[in-house]
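Here is a friendly walk through one protein chain, strand by strand and helix by helix. Keep the viewer open as you read.

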Amino acid sequence: MNENIDFVVPWVDGNDDKWIEERKKNKEGFDGGDDNECRFRDWGLLKYWFRSIERNAPWMRKVHFITYGHLPSFLNPNCPKLHIVKHKDYIPHQYLPTFSANPIELNMHRIEDLSECFVYFNDDMFLNSQMNPSEFFINDKPCYEALEALIQTDDIDEIYFHILLNNISVINKNYYKYTVLKNNFTKWINLKYGKDVLRNICLLPWKKYQNIVNRHLPVPLLKSTMQEVWEIEYVNLDRTSSNKFRAITDVNQYLFRYWDIMRGNFVPRKCRGKAYHIGMEETGDVINDILNGKNNMICINDTPNIKDFERIRDEIANAFLTRYPDKCQYEL
């Protein structure tokens, strides 16, 4: 059991006046990018993120809490298991300020005292039941699904799908699919994936990777892999980190996971989690999951499709309060 696993989570206060002003100033004259309100809207659920990880992953070594500079009012900055990390503490100055998640994620390996093995969360991703270190890492190798996929979209303006294509282009440049399969066949054609393995079999005739399955859930990463990818793909990572807002030329942190999958540096596993896209699915489903712990990891993904934000936000917050009523060590 690896007991030196850190958690990393970034957070932004979309109501911070200084942040709003700086973002507005950098946005002037900038045409394009992903700037939807749902990227920054606060659901008020962060304290339940801390309560859930304290209850469900007490073995975790330290939380590295990434912030522009502002802090939530409930947070206990003196908690011994909390490391508050400002953007300027680890992101090279030439990339600052940034209003895109991608530079924040691509440079995480530079965080001081970050463990080699760490789990990366968005602030909308929660541990929903008890988890063991071995569900993230085994013998210091991350646990992944090696599943191929196809990129499908009907929205030419959706930047996310451009990023997926950029990621897989980098992979196809560095790795030949049939060599990867030859070296790690049983990690790709593996019964642990259930029926999803059939897609890998169906895509065997394609000589290049089309895409890799991406669960919008917490992901284990290796600091050394991030450093290696920076050395080999500096141009792409530097260009992405230089963008103040998300752009169609970006890559993202999925690339690091792909890298370890391609070289077989992972342990096959079946993901036991679910991402809920609020406004596109029934709110009752996520509330029931929060209360009952059906999935051990969940994501509450904000979308532009939410019609009654305040009501839905309050219903989900009440469910978390019911499940996690007690303060944790990370709270004042």
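## A strand with neighbours on two sides

Strands β1 and β4 run parallel and are joined by four bridges. Please keep in mind throughout that this is a predicted model. Along the pairing of these two strands, Phe7 sits opposite Val119 of β4. Strand β4 also pairs with β8 (residues 219-222), this time antiparallel and again through four bridges. Here Tyr120 faces Val219 of β8 across the pairing.

Is β4 (residues 117-120) covered or open on its faces? Both faces are covered: Cys117 and Val119 are buried on one side, and Phe118 and Tyr120 are buried on the other. That split fits a general pattern, since side chains in a regular strand alternate between the two faces of the sheet.

## A mostly covered helix

Helix α2 spans residues 46-56, and eight of its 11 residues are buried. The buried set includes the aromatic residues Tyr48, Trp49 and Phe50, and it also takes in Arg51, Ser52 and Asn56. Which elements do the buried residues of α2 pack against? They pack against the strands β1 (5-11), β2 (63-67), β3 (82-86) and β5 (125-127), together with helix α13 (309-323).

## Two nonpolar cores

The largest nonpolar core has 52 residues, and the members touching the most others are Phe7, Trp49, Phe50, Val63, Ile316 and Phe320. Helix α13 gives the most to this core, with six residues. Phe50 is a good place to zoom in: leaving aside residues up to four places away in sequence, its contacts are Val63, Phe65, Phe74, Leu75, Leu82, Cys328 and Tyr330.

There is also a second, separate core of 45 residues, with Ala146, Ile168, Val180 and Tyr193 among its members. As a general background, nonpolar side chains tend to be buried together in soluble globular proteins.

## Cysteines without a bond

How many disulfides does the model contain? The count is zero. For Cys143, the nearest cysteine sulfur belongs to Cys117 and is 10 Å away, whereas a disulfide needs the two sulfur atoms within 2.5 Å. Cys143 is buried, with a relative accessible area of 2%.

Cys328, one of the contacts of Phe50, is in no disulfide either, as its nearest cysteine sulfur, that of Cys79, lies 7.6 Å away. Cys328 also counts as buried, because its relative accessibility is 7% and the cut-off is under 20%.

## A small open sheet

Three strands form an open sheet in the order β6-β7-β9, and the pairing is mixed. β6 (137-138) and β9 (267-268) stand at the edges with a single partner strand each, so one side of each has no neighbour in the sheet.

β6 and β7 (residues 141-144) run antiparallel and are joined by two bridges. Within this pair, Ile138 stands opposite Lys141 of β7.

## Two crossing helices

Last on the tour are helix α9 (residues 223-232) and helix α11 (residues 254-262), whose axes come within 10 Å and cross at roughly 100°. The range from 65 to 115 degrees counts as roughly perpendicular, and α9 and α11 are therefore roughly perpendicular to each other.

Which residues meet at this crossing? From α9 come Thr225, Met226, Glu228, Val229, Trp230 and Ile232, and from α11 come Leu255, Phe256, Trp259 and Asp260.

Definitions and conventions: Residues numbered from 1 in each chain as written. Predicted model: local features only at pLDDT ≥ 70, side-chain atom pairs only at ≥ 80, totals over all residues. Heavy atoms only, no water. Pairing = 2+ DSSP bridges. Buried < 20%, exposed > 50% of the residue type's maximum accessible area, 1.4 Å probe, protein only. Contact = heavy atoms within 4.5 Å. Core = buried A, V, L, I, M, F, W, Y, C linked by side-chain atoms within 4.5 Å. Axes fitted to C-alpha atoms, helices over the stretch in contact; angles between N-to-C directions. Parallel < 35°, antiparallel > 145°, perpendicular 65-115°, else oblique.
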